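Please look over the sequence and the three-dimensional structure shown here before reading the report.

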Amino acid sequence: MSELSTRPREECRYDLVSLGEIMLRLDPGDMRIHTARSFRAWEGGGEYNVARGLRRCFGLRTAVVTALADNEVGRLIEDLIFQGDVGTEHVSWVPYDGCGRTVRNGLNFTERGFGVRGALGMSDRGHTAASQMRRGDVDWDHIFGDLGARWFHTGGIYAGLSETTPDVIEEAMAAAKRYGTIVSYDLNYRPSLWQSYGGMARAQEVNRRLAPHVDVMLGLGKEEDFTAALGLEVPHTDICPSAPEVENFAKMVAKVSAEYPNLKVVATTLRTVRTALVNDWSALAWLDGDVFESVPRPGLDILDRVGGGDGFAAGLIYGLLEKADIRAAVEYGAAHGALAMTTPGDTSMATLAEVEALVNGVGARVQR
């Protein structure tokens with residue numbers, strides 16, 4: 001696929017490096033956050049989830065760039081990362097002040113939802129170590145130049161954490177481009193992240209500043225994604241995998257690609273929420289003026305919807321890196337995202353064999 005040429009695998013230590021915050025996810029299981037008496041602990045973060053999925057499911061070499069407060073919670077997060085086998089050599093450890101007045105680690109409380117009660121996420125991540133990272137904290141020339149990485153991934157969640165994180169992202173993107181590393185960015189607009197410093201207008205300013213550095217833009221599934229994250233007026237869409245939806249997506253991407261001609265691939269998931277546990281699910285990807293649609297999965301049963309989009313991103317990147325085929329990439333992404341939502345926690349527990357079986361149309365019959 002000449003439109004998205006990547007660095008040779010043999011000259012790079014990493015297939016993908018991600019930049020973002022990793023939080024401790026506290027899951028009340030079948031209970032509500034405000035009535036729970038026990039929580040199960042996981043690690044998770046939008047950018048990290050992609051690196052972990054690519055490592056554990058697809059077998060690629062990944063690492064994460066982030067910062068953690070050096071206390072027991074930070075070391076618990078590290079221990080959970082070890083299970084996912086994502087490289088931690090670029091994690092910065094910030095001395096802890098004893099009670100979190102100056103630095104802390106982020107917490108994410110997440111309810112799965114049931115029936116008419118939707119999933120609920122409540123993050124507690126102010127003044128975290130990752131949010132306080134600044135331009136100059138990371139030697140990006142060492143990561144992308146001396147060590148080498150084929151792909152760099154980050155997103156709008158990390159961009160929304162503080163006034164300084166967009167500078168870190170821009171610095172990383174510029175370095176990645178100097179060494180021929182592909183850059184992907186998930187817009188991932190979350191109003192709660194931006195409400196305390198500039199709201200939607202600030203989000204648009206930041207995303208429009210970063211978009212010219214991006215090769216692969218992710219997460220453009222509905223009108224509000226464009227208007228909220230990029231400030232573009234686009235045709236109305238209804239988030240359902242129908243022919244008119246494909247047409248509207250093509251119109252949206254035409255507008256975005258005209259604004260940002262550097263974009264080589266634009267991709268999105270399409271989700272219609274029937275109930276908290278039943279969603280219609282599919283994906284679309286645009287390359288060189290053509291739109292490719294995954295197999296639609298109407299009525300997909302959901303156990304835990306958090307991380308489905310990150311699972312899609314991991315599968316899509318795998319398809320682009322290893323298959324060099326946009327059709328395969330969108331199918332791998334949609335299948336991996338679907339499987340990621342059948343298990344608890346943010347991160348994927350799927351295997352490559354399971355993803356490929358789903359891509360090839362194998363159903364959910366028992367395997368003995």
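The sections below go through selected helices, cores, loops and individual residues of this predicted model.

## Helix H11 and the residues before it

Helix H11 covers residues 326–340. Its 15 residues should span 21 Å at 1.5 Å a residue, and because the end C-alpha atoms are in fact 21 Å apart, the expected and computed lengths agree. Of these 15 residues, 14 are buried, so the helix is largely enclosed by the rest of the structure.

At the start of H11, a side-chain oxygen of Asp 325 reaches to within 2.9 Å of the backbone nitrogen of Arg 327. Ala 324 is located in the loop that joins helix H10 (308–323) to H11, and this residue has a positive phi of about 50° although it is not a glycine. With a relative accessible area of 37%, Ala 324 is partly exposed, since the partly exposed class runs from the 20% limit of burial to the 50% limit of exposure.

## The nonpolar cores

In soluble globular proteins, nonpolar side chains tend to be buried together. The largest nonpolar core in this model has 55 residues, and the members that touch the most others are Leu 54, Phe 58, Trp 151, Val 216, Leu 316 and Val 355. H11 supplies the largest share of this core, with 9 residues. A second core, separate from this one, has 54 residues, among them Val 103, Leu 161, Ala 176 and Ala 203.

## Trp 151 and its surroundings

Beyond its neighbours up to four places away in sequence, Trp 151 touches residues from several parts of the numbering, including Leu 4, Leu 16, Val 17, Thr 181, Ile 182, Val 216, Ile 317 and Leu 320. Two of these partners, Leu 4 and Thr 181, can be described in their own right.

Leu 4 belongs to the segment before strand S1 (14–19), and it is buried, with a relative accessible area of 3%. Apart from residues up to four places away in sequence, Leu 4 touches Trp 151, Ile 182, Asp 215, Val 216, Lys 264, Val 265 and Leu 320. Between Leu 4 and Ile 157, which are 153 residues apart in sequence, the C-alpha to C-alpha separation is 25 Å. Thr 181 lies in the loop between helix H5 (165–178) and strand S9, and at 2% relative accessibility it counts as buried. Its contacts outside the neighbouring four places in sequence include Arg 7, Phe 144, Trp 151, Phe 152, Ala 176 and Asp 215. Thr 181 and Glu 89 are 92 residues apart in sequence, and their C-alpha atoms are 19 Å apart in space.

## Packing of H1 against H2

The axes of helix H1 (residues 46–56) and helix H2 (residues 72–84) come within 9 Å and cross at roughly 35°. On the H1 side the contact is made by Tyr 48, Arg 52, Arg 55 and Arg 56, and on the H2 side by Leu 80, Ile 81, Gln 83 and Gly 84. Sorted by class, this contact has 3 nonpolar, 2 polar and 3 charged residues.

## Arg 202 and Asn 188

Arg 202 is part of helix H7 (residues 199–210). Although its side chain is that of an arginine, Arg 202 counts as buried at 14% relative accessibility, because the limit for burial is 20%. Its side chain makes a polar contact of 3.2 Å with the side chain of Glu 163, and, leaving aside neighbours within four places in sequence, Arg 202 is in contact with Glu 163, Trp 194 and Tyr 197.

Asn 188 is placed in the loop between strand S9 (182–186) and helix H6 (191–194). This residue has a positive phi of about 40° although it is not a glycine.

## Strands S13 and S14

Val 291 is found in strand S13 (residues 290–293), where at 24% relative accessibility it counts as partly exposed. Not counting residues up to four places away in sequence, Val 291 touches Val 246, Phe 249, Ala 250, Leu 284, Ala 285 and Trp 286. The C-alpha atoms of Val 291 and Ser 162 are separated by 35 Å, with their positions 129 residues apart along the chain.

Pro 298 is in strand S14 (residues 297–301), and it is exposed, with a relative accessible area of 62%. Outside the neighbouring four places in sequence, Pro 298 touches Asn 279 and Asp 280.

Terms used. Residues numbered from 1 in each chain as written. Predicted model: local features only at pLDDT ≥ 70, side-chain atom pairs only at ≥ 80, totals over all residues. Heavy atoms only, no water. Helix = DSSP H or I, 4+ residues; strand = E, 2+ residues; numbered from the N terminus. Buried < 20%, exposed > 50% of the residue type's maximum accessible area, 1.4 Å probe, protein only. Contact = heavy atoms within 4.5 Å. Expected span 1.5 Å × (residues − 1). Polar contact = N/O pair within 3.5 Å; in protein donor to acceptor, adjacent residues only side chain to side chain. Core = buried A, V, L, I, M, F, W, Y, C linked by side-chain atoms within 4.5 Å. Axes fitted to C-alpha atoms, helices over the stretch in contact; angles between N-to-C directions. Nonpolar A, V, L, I, M, F, W, Y, C, P; charged D, E, K, R; others polar.
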